[in-house]
Structures are given as C-alpha cells and as structure tokens.
Amino acid sequence: MIRLTSESFTIDAAQGETARRTISGIAVRYNTPARVSDGSMVAFAPGSLPVDGRAPTLQMYHQSDKVIGTVTERVEVDGVGMMFAARISETTLGNEALILAMDGALPEVSVGVEPIKFKYDKEGTMIVTEASWSELSLVARGAFDAPIQQVAASTPEEEEVTTIQEAPQQETETMNETVETPAVIEASKAAQTIFAQAKREFKMPSAAEYISAFVTNGDKFAEMRAGIEAAAPNVVTTDIPGVLPLPIVQPVYNNFIGRRPVIDAIGAKAMPQGGKVFIRPEVTTHTSIGNQATENSALTQGTFVVTDNQVTKGTYGGYVTLSEQSIDWSTPEVISLVLDDMGRIYANETDNVAADNLKTGATVTRAFGADATDPALWSAFVAGAAQTILSGSNGNLPTHLFVSPNMWGYLLGLTDTADRPLFPAVGPMNAFGNLLPGQPNGVAFGLQVVVDRNFATDTVIVGDASGYEIFEQQKGAISVDVPSTLSRTIAFRGYLATLMIDASKFVKATF
C-alpha cells in the first residue's frame with residue numbers, strides 16, 4: 001500500500017447555506033515525484049488512478065477504523081492531476097473531522113493506493129502507471145505542503161466572548177527597613193548516623209498472595225504492584241524481531257560498469273546469419289602499373305590476388321536458474337536485476353576478447369624506452385610508430401592510441417619543462433591534445449585515446465582502426481520454465497568474432 005500525501009482540499013459555504021458536508025480538491029498531481037513514508041520517491045502517471053468503479057472511502061490518518069465518508073466524484077484534469085469531491089458522513093467522528101478541517105488542523109489529503117503496474121526511472125523514482133485507489137484520508141501534513149482549498153459546510157454559530165478585565169497593578173512602595181542583628185541559635189546535637197542497607201530482593205508473589213493483598217490490604221497491594229512493575233524486564237529491539245520491518249532502499253546498487261572501449265572505438269560489423277565460419281575477402285596482391293618503354297611495347301605485367309580470410313564465430317553467454325518463489329516475492333523484481341547484470345557482464349567479457357585479440361594480432365613492435373613518465377619518449381614512440389605505419393601499410397596513417405590503465409595514468413601526468421600539462425582540459429594553441437581523468441577517451445598527439453581496463457599492464461598500441469575488424473550478433477536474453485522444480489532458467493548470449501585483417505596498420509610498444 002502506497003500512502004502519498006499529495007494535495008490540499010477546500011472548505012467554504014455561503015452565509016446561511018444548508019450544510020453540504022463536502023470537500024473537494026486535488027488528490028494527486030500527475031508526473032510530480034513525492035516522498036512516501038518509507039523514504040522512497042513515487043510519481044503517478046496520467047491515467048494511473050481509476051475514475052469509475054468502487055468509490056474510495058474517506059478516512060482520517062489512513063486508519064480503517066476511522067471512516068468518515070466516501071469519495072463521490074473523481075475527475076482527471078489534463079496538466080493537473082486527479083480532482084476529487086467527497087462527502088463527510090454526519091457521525092460523531094465525521095463532525096469532529098469536519099471541524100478539524102475547517103479550523104485548519106487537518107488541511108490536506110493523502111491517497112492510499114495499491115500499485116498494479118509500475119517501473120523505475122534512472123533516479124530510482126517509482127513511476128506508477130496503474131493502481132487501485134482504496135481510500136482518501138485527511139491528514140495534518142502533506143508531501144506537497146499545500147493549504148486547504150474548499151470545504152462546504154454550514155456556518156458555525158458565533159460563540160459569546162467574555163471579556164476579562166485585568167486588575168490594575170498596585171504600586172509597590174519603597175520602604176526603608178532596619179536590619180536587625182540575627183540572634184545566635186545554639187546548634188542541636190548531631191543526629192545518629194544511619195547507614196544505608198542493601199535493598200532486599202523482591203520476591204514475585206503467588207496468585208493467592210496477589211488476590212489476598214488486593215482484597216484485604218490496600219497498602220500492601222500497592223507496594224506489591226510497584227514491586228512487580230520494577231521487576232518487569234525492559235523490552236528492546238532484540239526482543240521484538242517479529243514486528244520490526246526490514247525496509248529496502250531502492251534502486252539496487254550495482255557498481256559494475258559494462259563499458260566496451262575497444263569495441264566502441266573499432267565498431268562492430270554485422271555478422272552473417274548462416275554458417276559457423278564466414279569468409280572475409282582481402283586483397284593481398286595488387287596490380288602493377290609502370291612506364292611504357294617505347295611505343296607499341298608491352299605494358300607492365302601484374303596480377304591481382306584476393307585471399308579468403310576465414311572468420312570463426314564465437315558464442316559468449318551465461319545463465320542462471322531462479323525459483324518461482326524468488327521471482328514472485330522479490331521487490332524490486334529479481335528478473336530485471338539479473339538481466340541488467342547479465343548485460344553488463346556480457347559487455348565486459350566481449351570487450352575483453354576484443355582487447356586481447358587486438359594486442360595479440362599487433363605483431364609489429366617498436367621499443368618504447370625505460371621511463372614512461374618522460375614526454376620525450378612518448379613523443380618519439382608515437383612519431384616512430386606513425387612513420388612505420390605510413391611506410392609499411394600502403395600509405396595509411398594512425399588514428400588511435402590504445403593504452404592500458406597504468407599507461408593512461410602516465411599519459412595524463414605528462415608535463416613540459418615548465419610543469420604545464422601536455423594535454424590540458426582547456427588547452428592553449430600549442431597543446432598536444434586534451435585528456436580528463438573523468439572521461440575514458442580523449443586526444444593525445446593528435447590520436448584518439450582508447451583506455452581499456454581489459455588491456456594487460458604496459459599496453460601501448462598506435463594504429464589505424466580499419467586494420468582490425470569486429471563482428472557481432474547480440475542475441476539477448478532467453479528464458480525457459482522448468483515445471484518440475486518450479487523455476488525459470490534465464491540465459492543471455494551473443495556471437496562475436498574478431499579479425500586482424502592488416503597487422504601492418506598497428507605498432508605495439510615493447511619495454
């Protein structure tokens with residue numbers, strides 16, 4: 001049951017008008033988050049509360065034993081929310097509630113609903129899209145802190161006002177009194193010292209002794225009652241676990257980040273639907289073009305070869321079996337939590353495969369140097385790697401700088417001889433790029449920086465991303481019910497394959 005104090009209501013009546021005993025106002029403002037009694041945030045979507053069917057009861061303080069009337073009208077107003085009108089019954093409790101409302105002691109209303117359909121947004125607010133509305137209550141303090149709008153009731157009779165006149169204050173006369181010398185009084189003899197004695201342990205009376213004292217001796221019975229109350233044990237929270245609730249703070253915290261830096265930088269291509277192995281053609285021998293020696297002489301002879309690179313699909317996935325009870329009883333629903341976690345783990349695992357295969361496939365190497373904190377070594381390595389790629393890969397130039405977390409840290413800390421960052425967030429004209437600790441990529445030496453936690457320590461690769469290809473087909477989740485064990489098995493899977501189609505486009509650092 002969600003009890004959300006939402007809005008105020010109105011009380012008014014014309015002079016001499018017959019009492020209508022009705023209140024009206026806004027029960028719920030749509031699309032307005034409010035905090036409920038357990039601390040969570042709830043918002044109602046338009047159309048989430050019914051306007052027909054069984055009318056909600058009107059209560060005080062959400063107590064079912066304090067019913068004071070019935071909601072008579074429910075009207076949705078676009079851009080506002082659910083409007084209501086309710087009649088307060090002419091009972092002792094209803095009269096008391098009406099007077100409290102008119103005096104401003106109960107200035108607001110609170111809805112009591114049972115969510116049927118709902119979801120959570122990224123801030124953890126429960127968005128209710130369908131609910132059953134069981135009651136509306138008068139309360140003293142609401143989530144939206146709004147005043148009473150309207151109450152229709154008869155005008156109360158004026159009470160006779162009795163004026164109390166204050167008695168005039170008497171003037172205080174200032175008198176000069178003669179202070180007499182106090183008489184000397186002889187001190188009495190010291191009383192005998194009485195030492196404290198240990199209090200005798202109280203003995204719980206029998207049933208017969210308790211009844212006898214009640215009938216025959218009032219003083220003894222009162223003393224016996226005081227002793228019983230003093231001997232009664234204290235009650236602490238460890239004594240009442242059965243009535244202490246266990247609230248859950250939502251949403252569930254999951255700190256695992258399913259980021260895929262390498263796959264995002266390279267880009268995943270569509271994978272052919274059929275076959276376990278597919279062909280990725282590659283030109284390995286190019287045609288020849290040359291100068292004709294003389295007229296009518298033969299041109300340069302060449303050939304053209306296209307090889308058939310075979311790519312094998314890999315299947316990556318996992319599953320978990322949930323009992324039917326865990327699915328039905330969990331709040332929030334455990335299936336959504338499991339699927340969210342599976343998606344994160346799948347992303348990380350497939351990126352790990354792509355990162356490992358990139359480093360393994362980069363076979364062209366170049367020595368980096370001994371000190372990764374030296375800007376000159378970084379600059380020399382990047383320049384040398386670019387030269388190698390340009391001369392060895394048919395005219396291509398590097399586009400990316402792939403680094404492991406430790407090398408990324410060295411890169412962030414590089415400074416010039418004046419201790420100025422080489423890659424400032426707001427860079428001058430001579431900056432080599434820009435890097436920020438809070439972003440997974442940036443620009444250094446004119447290359448897109450890709451830092452990936454799945455790279456092994458001391459990984460530095462300069463390359464042209466077009467030389468490495470990634471193919472993927474995400475299959476997502478699948479579930480199967482197991483009637484024999486009242487459980488459901490949920491799996492998350494996908495196909496992934498990588499191909500280093502041109503290793504000459506990458507240069508890997510060695511230390």
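Colleague: Where is the place of His62, and what makes the flanking elements strands?

Modeller: In this predicted model, His62 sits in the loop between β5 (57–60) and β6 (63–77); strands are DSSP runs of E with at least two residues, helices are runs of H or I with at least four, and both are numbered from the N terminus. Residues are numbered from 1 along each chain as its sequence is written, local features need pLDDT of at least 70, side-chain atom pairs count only at pLDDT 80 or more, and totals for chains, interfaces and linings use all residues. Side-chain values use heavy atoms, with hydrogens and water left out.

Colleague: Why is His62 called buried, whereas Asp458 is called partly exposed?

Modeller: Buried means under 20% relative accessible area, exposed means over 50%, and partly exposed lies in between, with a 1.4 Å probe and protein chains only. His62 has 13% relative accessibility and therefore counts as buried, while Asp458, in the loop between β19 (447–451) and β20 (460–463), has 34% and therefore counts as partly exposed.

Colleague: What makes the backbone of His62 and of Asp458 worth a remark, given the phi values?

Modeller: Most residues other than glycine have a negative phi, and most peptide bonds are trans. Phi of His62 is near 60° and phi of Asp458 is near 65°, each a positive value in a residue other than glycine. The peptide bond from Thr331 to Pro332 is cis, with omega near -5°, and Pro332 is found in the loop between α5 (324–329) and α6 (334–361).

Colleague: How do you know which strands are at the edge of the open sheet?

Modeller: Two strands pair if DSSP finds at least two bridges between them. The sheet has 7 strands in the order β15-β23-β20-β16-β19-β18-β17, with mixed pairing, and β15 (365–367) and β17 (433–434) are its edge strands, since each pairs on one side only. Within the sheet, β16 (residues 400–403) and β19 run parallel and are joined by 4 bridges, and His400 has Gln448 in β19 as its bridge partner.

Colleague: What is the confidence of the chain, and where is it lowest?

Modeller: On the pLDDT scale, which gives the predictor's confidence in each residue from 0 to 100, the chain has a mean of 83, and 82% of its residues reach 70 or more. Confidence is lowest in strand β10 (residues 150–152), at a mean of 52, and highest in β20, at 98. Over residues 154–199 the pLDDT is below 50, and beyond near neighbours in sequence this stretch has 7 contacts (heavy atoms within 4.5 Å) in the model. Where pLDDT is low, the predicted coordinates should not be read in detail.
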